[in-house]
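Visitor: I would like a short tour of this protein. Where should we begin?

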Amino acid sequence: MPIALLSLGSNVDPERHLRAAIAVLRKRFEDVVVSAVYRFPAVGYTGPDFLNAAATVRTDLTPAALNDWLHALEDTHGRDRSGPRYSDRTLDIDIVLFDDAVLSGAGNPGSGPGQGLHIPRDELRHAFVLRPAAEIAPDWPHPVDGRSLAQLWDAHPDRDTAFERVEEFDAGASG
């Protein structure tokens, strides 16, 4: 069964939304592994900090079906897609990697231009995605670049930045 690497984030009541999302992922999928949760500044706009994590899930869904399922999960948490792309989020979950797939396709209803399903996800270049992803899947090779997530993180310009680890998540995050 394929494994997907997901990026999770929230900056609107983030503790509640991330805890609920992690619980739903564990209920629906097998072999769920969740990184620590980190605090990162908003990217692309001025707004409250985000709490971000990564998760791997073993899934019976295709990438498109998983993407649709994740969008439905976001919607149940009040995700508003009507605003600008860079804005506050109750819940944002993206497929970053899906086994060794490289694909690009249409997004979901309400997705703006350039916001379709792209794997590997371009946001992997950002610390808020790469830091937690490299923690739980350090040996996973980038399907285009070839380097592992650990190697990508080691070469990242923010590698030496001390991002705050949100300790209250530690008890239930991984596993």
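Guide: This is a predicted model. We begin inside, with the largest nonpolar core, which has 27 residues. Some of its members touch more of the others than the rest do. The ones that touch the most are Leu-6, Leu-8, Leu-66, Ile-93 and Ile-95.

Visitor: Which helices and strands each supply at least two residues of this core?

Guide: Both kinds of element contribute. Two are helices: helix 1 (14-28) and helix 2 (63-76). The others are strand 1 (3-10), strand 2 (30-34), strand 4 (50-58), strand 5 (92-98) and strand 7 (117-119).

Visitor: How many residues does the other core have?

Guide: This core lies apart from the largest one. Among its members are Leu-124, Leu-130, Leu-152 and Phe-163. It has 20 residues.

Visitor: What is Leu-6 in contact with, leaving aside its neighbours within four places in sequence?

Guide: Start with the alanines: Ala-53, Ala-54 and Ala-55. Leu-6 also contacts Leu-25, Val-57, Leu-66 and Leu-70. The list is completed by Ile-93, Asp-94, Ile-95 and Val-96.

Visitor: Which residue in strand 5 stands opposite Leu-5?

Guide: Strand 1 and strand 5 pair in the antiparallel sense, over six bridges. Opposite Leu-5 stands Leu-97.

Visitor: How many residues of strand 5 are buried?

Guide: Buried means under 20% relative accessible area. Strand 5 is largely enclosed by the rest of the structure, because the residues under that cut-off number seven of the seven.

Visitor: Is helix 3 mostly covered or mostly uncovered, and what do its buried residues pack against?

Guide: Helix 3 spans residues 127-136 and is mostly covered, with seven of its 10 residues buried. Those seven are Ala-127, Phe-128, Val-129, Leu-130, Pro-132, Ala-133 and Ala-134. They pack against strand 1, strand 3 (38-40), strand 4, strand 5 and helix 4 (149-154).

Visitor: How many aromatic pairs does a search of the whole structure find?

Guide: The search covers the whole structure. The count is three.

Visitor: What is the arrangement of the pair formed by Phe-29 and Trp-69?

Guide: Phe-29 is in the loop between helix 1 and strand 2, and Trp-69 is in helix 2, 40 residues apart. The ring centres are 5.0 Å apart. The planes stand at 80°, and over 60 degrees counts as edge-to-face. So the pair is edge-to-face.

Visitor: Why does Phe-29 count as buried, and how does Trp-69 count?

Guide: The cut-off for buried is under 20%. Phe-29 has 5% relative accessibility, so it counts as buried. Trp-69 has 24%, so it counts as partly exposed.

Visitor: What about Phe-40 and Phe-163: how are their rings arranged?

Guide: Phe-40 is in strand 3, and Phe-163 is in the loop between helix 4 and strand 8 (164-165), 123 residues apart. Both are buried. Their centres are 4.4 Å apart, with 40° between the planes. The arrangement is tilted.

Visitor: Which residues do ring pairs link into a cluster?

Guide: Phe-40 and Phe-163 belong to this cluster. Tyr-38 joins them.

Visitor: In what order do the elements run from the N terminus?

Guide: The protein has four helices and eight strands. The order is β-α-β-β-β-α-β-β-β-α-α-β.

Visitor: What radius of gyration does the protein have?

Guide: The protein has 175 residues. A compact globule with that many would have a radius near 16 Å. The protein's value agrees with this: 15 Å.

Terms used: Residues numbered from 1 in each chain as written. Predicted model: local features only at pLDDT ≥ 70, side-chain atom pairs only at ≥ 80, totals over all residues. Heavy atoms only, no water. Core = buried A, V, L, I, M, F, W, Y, C linked by side-chain atoms within 4.5 Å. Buried < 20%, exposed > 50% of the residue type's maximum accessible area, 1.4 Å probe, protein only. Contact = heavy atoms within 4.5 Å. Phe/Tyr/Trp six-rings, centres within 6.5 Å; stacked < 30°, edge-to-face > 60°. Pairing = 2+ DSSP bridges. Rg over C-alpha atoms; globule rule 2.2 N^0.38 Å.
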